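Hi everyone, thanks for coming. I'd like to walk you through one model today, so please have the viewer open and follow along.

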Amino acid sequence: MKRRTFLKHTGHAIGIPALLGSFSFSSYAQSLAKAATENNKVLVLIYLQGGNDGLNTVIPLDQLSALNQTRSNIVLPDNKLLPLTNTDVALHPSLSGLRSLFEEDRLRVIQSVGYPEQNFSHFRSIDIWMTGANAEEYYTSGWTGRYLDYEYPGYPEGFPNEQCPDPISIEIRGGSSLLFQGLSGSMSLMINNPTSFYSLIDKVQVDFPNTNTGDKLEYIYRVAEQSQVYGEVVKKAAQKVQQQTEYPETNLGKDLKIVSQLIAGGLTTPLYLVKINGFDTHSSQVLDSDHTQGKHATLLSELNDAIMAFMKDLEYQGTDDKVIGMTFSEFGRRVVSNASQGTDHGAAAPMFIFGNEVAPGVLGNNPEIPSDATSKFNLPWQYDFRQIYSSILEQWFGLNSSTTNSIMLNDFTTVPIIKSTSTLSEGRKTLAKNITVYPNPVRETTNISFTSYEKYIQIDVVSISGKKIGRIYAGNSPAGKQTLTWNARRLAPGNYFVVFTNGHSRETVQIIKQ
């Protein structure tokens, strides 16, 4: 069981009395609840659909002269830019909220993120970003889907269950994305729109036309509603939250409001995806009369206001320390603007990562822009986007480097994303080593021996389909050689894993019960 409250199921744990020692049942249960709460990390992905113009989003102040030469019909006025303290970059005038997050040390700006051999097709490039493939490779699983496969082996067989009742990922608006495709299929719950979501929660009567078509629509609606496996779980979580701070009445604002509501309601879902469309700004990116206004300014304002409302609500709900957000887009735009006051498909662009636990500042150097750049010139990438993904998997979700490499299907150098990265690095290197279970195969009682490096440790028994069978031990484990005696008499014959977990890492040993 990963990050799941286990209080009402502790009676099913295996061999608890033999391992508790001086722990009372009450203190044992409290330690489980505390661990479940502390280990529940959330990543909210915001897809800027269409390809965001990075040079009008994060402006390199030392390149203003070249920008005025290469994109004079869309360039932002110098006196309207929002400089970031102690940096040589500024933000678009619509991003005043994100600048405040930066000044509060809650925003990471990553310069020039992309990948080798950029593909300029929307469809192909977003497939690359969602799967983590090279430009010439085609994967059928997403990078987060493979992560979820690792965390929840065997999914969807046996899910949801009593120990893992919550959706393992949620995406709002649109169909199932490639991002959450695992090795065996989709790993996400889809909430198509806020109206259907609140209809489910509040039992709002949806009116259908009094016609044959209306009857059919109502039937389809009811079947879809009833067939939603996780519907009741989502409903109960949302109904726990009776008050939220104010959100803008935009699609992204409504979507992030739902995300905050579900997190505050107790869902332990680690991954959410929301989207904002319209960044394919080939024309009318700015107004001719005022370059701080136009399509791009409207989009960035929606992004800014929704993120700020989300952050305020997380703080109000008391969930702000366990959530980070990340923006991404399929590509940036060309350096040289076109004749339609817009920009065409480009390559590298900046990313934003925000949250209380994010390492603040600007990562990377300002891109160098030739004043005589042609329309074909593209910004080279400084950071491969898969470096960012790998860094989040290790620094936020606590995977070790070998596991991250297997998920990303390659070895990518990590970069600092999360505060106290050095501490996390030490914690994630290994949870325990020299783990042995003997005798194995197991008959009635067996010994679990390991060398521990952590103060807090959980040891669970998990079936090969990923279902949590029971907890062997949870509590403080002093550093050094440890041996526990486990009474496995109640365990049915079969193949299992003994899983060691904490907030930073996971180690497993396969066993056979005879």
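**Cavities and the strands around them**

Let's start with empty space: the largest cavity here has a volume of about 80 Å³. Before I go on, please keep in mind that this is a predicted model.

Which residues are closest to the centre of that largest cavity? They are F328, S329, A349, P350 and M351, out of 13 residues that line it. If you colour by strand, you'll see that β11, residues 323–328, and β12, residues 349–354, each supply at least two residues of this lining. The strand that gives the most is β12, with three residues. For those of you who think about probes and solvation, the chemical character may be of interest: nine of the lining residues are nonpolar, four are polar, and none is charged.

How many cavities of 30 Å³ or more are there by this rule? The count comes to three.

Now let's move to the second largest cavity, which holds about 60 Å³ of space. Its lining is made up of G54, L55, V58, P60, Q111, S112, A348, A349, P350, P367 and L379. Three elements give two or more residues each to this lining: β2, β5 (107–114) and β12. You may have spotted that A349 and P350 are back: they are among the residues closest to the centre of the largest cavity, and they also line the second largest one. By class, this second lining has eight nonpolar residues and three polar ones, again with no charged residue.

Let's take those strands in turn, beginning with β5. Is β5 mostly covered or mostly open? Mostly covered: eight of its eight residues are buried. As for its partners, β5 and β12 run antiparallel and are joined by five bridges. Within that pairing, I110 has M351 of β12 as its bridge partner, and M351 is one of the residues closest to the centre of the largest cavity. β5 also runs parallel to β13, residues 361–363, with three bridges between them; there, R108 stands opposite G361. Then there is β14, residues 383–384, which pairs with β5 in the parallel sense over two bridges. In that case V113 is matched with Y383.

Next comes β2, which belongs to an open sheet of three strands in the order β2-β4-β3, with antiparallel pairing. Its edge strands are β2 (58–60) and β3 (82–83), each pairing on one side only. Three bridges hold the antiparallel pairing of β2 with β4, residues 89–91. One bridge to look for is V58 with L91 in β4; V58 is also in the lining of the second largest cavity.

Let me finish with a helix. In α13, residues 401–408, which positions are buried? T403, T404, I407 and M408 are. Looking down the axis of α13, these buried residues fall within an arc of 125 degrees, so they line one face of the helix. The elements that cover them include α6 (143–151) and α12 (385–395). And just after α13, have a look at L409, which takes a positive phi of about 60 degrees.

That's my tour. I'm happy to rotate the view for anyone who would like another look.

Technical notes. Residues are numbered from 1 along each chain as its sequence is written. This is a predicted model: local features need pLDDT of at least 70, side-chain atom pairs count only at pLDDT 80 or more; totals for chains, interfaces and linings use all residues. Side-chain values use heavy atoms; hydrogens and water are left out. Two strands pair if DSSP finds at least two bridges between them. Helices (H or I, at least four residues) and strands (E, at least two) are DSSP runs, numbered from the N terminus. On a 1 Å grid over the protein atoms alone, a cavity is a set of points where a 1.4 Å probe fits but cannot get out, and a pocket is an open set with protein on both sides within 12 Å along at least five of seven lines; lining residues have an atom within 4 Å of a point. Grid points are joined across faces, edges and corners, and a volume is the space filled by probe spheres set on the points. Ala, Val, Leu, Ile, Met, Phe, Trp, Tyr, Cys and Pro count as nonpolar, Asp, Glu, Lys and Arg as charged, and the others, Gly among them, as polar. Buried means under 20% relative accessible area, exposed over 50%, partly exposed in between (1.4 Å probe, protein chains only). The arc is that of the directions from the helix axis to the C-beta atoms. Contact means heavy atoms within 4.5 Å.
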